[in-house]
Structure formats: C-alpha cells, structure tokens
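Here are a few exercises to work through with the model open in your viewer. Try each task before reading its solution.

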Amino acid sequence: MKASSSQKKLLVIEDDPGLQKQLRWSFDNYEVFVAVDRESALAQVRRHEPAVVTMDLGLPPDPDGASEGLATLQQILALAPDTKIIVLTGNQNRVNALKAIELGAYDFHQKPFDPKMLSLIVDRASYLYGLQRENRNLLLSQLDSPISGIITRDPDMIKMCRNVEKVATSDATVMLLGESGTGKEVLARALHQMSSRKQGRFVAVNCAAIPETLLESELFGYERGAFTGAVKQTPGKIELAQGGTFFLDEVGDLPIALQAKLLRFLQERVIERIGGREEIPVDVRVVSATHQNLRKLIGEGRFREDLFYRLSEIPIKIPSLHKRVGDAVLLAHHFKNKFCAKEGRHSLSFSQEALSAIEAYHWPGNVREMENCIKRVVIMAEGPQITPDDLGLQESEILSEPMNLREVREREECKAVVRALAKVDGNIAKAAELLGISRPTLYDLMNRHGLK
C-alpha cells in the first residue's frame with residue numbers, strides 16, 4: 001500500500017532482516033524506511049528527513065561493537081540536529097546506550113523490544129519533533145515580520161511593535177525609551193526600513209561613546225582649517241544621513257552646550273559645519289533613544305526642556321525583558337538555536353530547571369545580557385543539557401514566582417482582596433461590591449488567605 005504524504009517518517013537502522021520486518025509491522029502508522037549500515041542510513045536521512053530513527057549500535061563493519069553505531073549517530077545529528085534517535089540495545093550494552101544519550105540520542109530501549117512500549121517512545125519522540133519544528137517555524141515567521149529582529153509573544157511588546165509600524169510612515173521625531181539592552185537600535189532601524197526613506201542611509205551616533213570634545217565635529221562636521229588637524233572639509237553624521245534616518249543614541253549624555261545647536265537644527269533643518277559660514281539644509285528623519293529619565297535631568301538643569309519636546313514628538317516605551325511575559329524562555333531557545341548552529345553543538349538542550357531559572361531571573365541587562373549568557377553557555381556547557389549551574393545566574397536576581405496555575409491564581413486572588421480592602425478602608429460590604437462577590441464569599445477568601 002502506498003504511504004500517505006501526511007504520514008510521519010521513521011527510519012529503521014538494522015542489519016537483521018527479521019528485526020527489520022518486525023519493526024515495519026510495529027509501525028504501520030508511519031512511513032518506514034530501512035538502512036543496514038552508516039552509508040545507507042545517511043543517504044536515507046538526506047533523502048527523507050525522518051522525524052525519528054531507531055538504530056542498533058552494532059552495525060557493520062563492527063557488528064559486535066558500538067563504534068560504528070555511535071559514529072553513525074553523531075553524523076545523523078550533525079546532518080539533521082532535530083532528529084530523535086532511539087537506540088535499541090541488549091542488556092550487556094547499557095554502557096554504550098548511555099554513551100549514545102551523552103552524544104545526543106533521544107532515548108534507548110532494550111532488546112528484545114516490547115512493541116507497545118517502543119511505539120509509545122517513538123510516538124512521544126515524533127510529537128516532540130513536531131513541536132520543535134512548529135516552534136522554529138514560528139520564530140522564522142517572526143523574524144520575517146515587519147519588525148525584523150524582534151522576537152516576542154508578550155502583549156505589551158506586540159502593542160509597542162504595532163505603534164512602531166504606525167509611526168514609521170510619518171516624519172515625526174521619535175524617542176525610544178527603555179533600559180539598556182532592550183533593543184532600541186533594532187527598533188530605530190525598523191523605523192527606517194518601514195519608512196519612505198529606506199533607500200537613504202541609516203546613520204547612528206552614540207553620544208555616550210564619543211568624547212565631548214569630538215562630539216560636535218562628529219555631528220556637524222568641519223571646514224578645512226577650522227582647527228589644528230582639520231586638513232580637509234569633512235561632513236558630519238547629520239549631513240551624511242541626508243534623505244535617510246539619523247539615530248541619536250543615548251541622547252541623555254549629550255553635553256548641554258551641544259543641545260542648543262541640535263535644537264536649532266531640529267527647528268530650522270539647517271546645520272553649519274565648525275569653522276563654516278554657510279547654512280546647509282539637511283532633510284533627515286530624527287530618531288533618538290535613551291535609558292535615562294530625561295524629565296529628571298530637566299529638573300536638574302542637565303537637559304533642555306525645549307529639546308526634549310522637539311525630540312519626543314512621539315515617545316515609545318520599550319518594556320524591559322523581565323516584564324515581557326514568556327519572552328525570556330522564547331529568546332533563550334532562539335539564541336541557543338542560533339549559537340548551536342554556529343558552534344556545531346546540535347544536540348544541546350535546556351533542562352527544565354534551567355528554563356525555570358531563566359524565567360525567574362530578573363535580566364537587568366535585558367536581551368543583550370540574555371544573548372551573551374546563552375552564547376557563553378553554548379560554548380562552555382559540557383553535557384548534552386544546559387543546567388542552572390551552566391547559566392551561572394546570580395541567585396539575588398532570581399525572582400521565585402510559582403508556575404503552578406493554582407498557586408498563581410491564589411496569589412493574585414489574595415492581592416486583589418488586599419487591594420480592595422485597602423481602597424475601602426476595611427469596609428467588608430464595599431470591598432465585596434468592588435470585587436463583584438458576596439460578603440460570605442469575601443469572608444471565605446479572607447479566612448483562606450489568613451487576612452484579618
């Protein structure tokens with residue numbers, strides 16, 4: 001009977017014809033392919049890309065050992081890292097089976113195999129393979145989205161991305177506000193790419209990275225002979241962005257003396273090079289960013305209020321990573337896949353404890369810290385699984401929040417009752433009305449949560 005194109009694919013690597021036949025019969029709901037040695041196994045993997053592989057470690061030319069089987073396993077995983085390999089082994093080969101797990105095999109099962117048990121293992125492996133493929137496709141679709149480089153499922157972050165899309169088509173000045181490492185430059189580039197100016201240049205200047213004495217010439221350029229060493233006329237970064245987007249990063253570090261000159265440019269859209277007399281019109285879209293509280297700096301006299309309003313016609317607040325629901329683990333998987341591909345560590349995965357630690361950590365350095373952490377772990381981790389010890393996260397920065405749905409519900413329920421009672425100064429009738437419940441129900445909740 002011809003296999004359906006929708007059937008899941010299973011590769012059986014076995015040189016015993018009797019076992020081959022038995023395995024075929026056990027998996028009539030799969031499209032089964034058979035290989036008898038390393039060469040034919042690799043050919044089948046390349047041709048059919050099976051989700052699951054069952055294999056005997058004793059393959060020719062080493063049928064009594066495991067060297068050929070282990071070598072085949074490694075080559076399959078190098079070729080198709082997501083493939084789930086189940087090793088079939090005798091009692092005496094338990095050590096080699098464990099070695100296969102260390103090298104990235106999904107599971108092992110003893111011979112003579114139990115058809116029902118092996119079927120459960122294969123089905124579970126196939127299901128996991130499907131989930132991982134679906135997750136990868138989701139990440140790829142997100143990377144192809146208009147906000148290139150932003151990976152998120154958090155509602156607030158998605159709303160912020162939509163706001164970026166809305167404002168991208170206008171020429172209004174945009175100020176991106178957020179902690180260091182949240183992706184301000186990524187969003188600035190997205191604003192440029194989605195605008196009518198995308199054929200022009202995107203020019204970025206980091207005000208915190210350039211000494212104050214050089215920043216003016218970097219921004220506005222200079223004429224020949226304007227100062228010692230000015231041997232030729234040099235346009236500034238604002239001028240170089242003509243027709244495109246000028247990104248002023250860490251604008252909170254802009255010296256107060258330069259703020260007036262920048263303000264004039266924003267008002268008049270003309271610049272003067274240092275040592276020059278000519279006004280040069282410049283048509284650019286200005287995007288700025290900072291992690292600082294500019295209103296506080298204004299109060300301290302360190303930032304001009306009129307410049308603030310010129311730069312922030314449309315302010316966009318970027319949520320910090322620890323406030324983005326579910327994004328820490330999503331990004332951890334993304335960066336792990338990215339760096340595993342670069343480093344050739346295709347079988348590396350996170351333990352559940354590691355994922356819990358990632359989810360609970362505060363991530364003060366946000367996405368940049370996450371990327372650096374996962375890159376280090378992929379390079380340094382010794383086993384096939386990433387553990388909390390590999391991550392090396394500071395316990396003081398880990399927020400212990402319950403994952404259990406009942407615990408989460410009870411915690412939020414207790415908070416709601418406390419807030420309601422506080423708002424009405426302990427009046428039970430008013431608190432019950434505020435919460436939309438009866439007084440007896442409120443009394444029950446108070447007793448349950450130990451509230452007097």
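**Exercise 1.** In this predicted model, work out how strands β1 and β3 pair, and over how many bridges.

*Solution.* Start by finding β1 at residues 8–13 and β3 at residues 52–56. They pair in the parallel sense, over four bridges. To get the register, look at V12: it stands opposite T54 in β3.

**Exercise 2.** Now put the whole sheet together: what is the strand order, and which strands sit at the edges?

*Solution.* Step one: the sheet is open, has five strands and runs β2-β1-β3-β4-β5, with parallel pairing. Step two: β2 (30–35) and β5 (107–110) are the edge strands, since each pairs on one side only. Step three: check the twist; neighbouring strands are turned by 20 degrees against each other on average, direction ignored.

**Exercise 3.** Find what α2 and α4 touch or cross on the sheet.

*Solution.* Take α2 to begin with: it packs on the sheet, touching β1 and β2, and its direction makes about 150 degrees with that of β2. Then go to α4 (residues 94–102), which lies across β4 (84–89) and β5 and runs at about 160 degrees to β5.

**Exercise 4.** Is H48 buried or exposed? And how about Y127?

*Solution.* H48 belongs to helix α2 (residues 38–48). Its relative accessibility is 14%, so H48 counts as buried, the cut-off being under 20%. Beyond its neighbours within four places in sequence, H48 is in contact with K9 and F33.

Y127 belongs to helix α5 (residues 115–143). At 58% relative accessibility, Y127 counts as exposed. Together with L128 and L131, Y127 forms a nonpolar surface patch of about 290 Å² accessible area.

Technical notes. Residues are numbered from 1 along each chain as its sequence is written. This is a predicted model: local features need pLDDT of at least 70, side-chain atom pairs count only at pLDDT 80 or more; totals for chains, interfaces and linings use all residues. Side-chain values use heavy atoms; hydrogens and water are left out. Helices (H or I, at least four residues) and strands (E, at least two) are DSSP runs, numbered from the N terminus. Buried means under 20% relative accessible area, exposed over 50%, partly exposed in between (1.4 Å probe, protein chains only). Contact means heavy atoms within 4.5 Å. Patches are made of residues with over 30% relative accessible area and no salt bridge: like charges are joined within 9 Å, nonpolar side chains (Val, Leu, Ile, Met, Phe, Trp, Tyr) within 5 Å. Accessible areas come from the Shrake-Rupley method with a 1.4 Å probe; for residues, only the protein chains shown count as cover. A salt bridge is a side-chain nitrogen of Lys or Arg within 4 Å of a carboxyl oxygen of Asp or Glu. Two strands pair if DSSP finds at least two bridges between them. Axes are lines fitted to C-alpha atoms, for helices over the stretch in contact, and angles run from 0 to 180 degrees between N-to-C directions.
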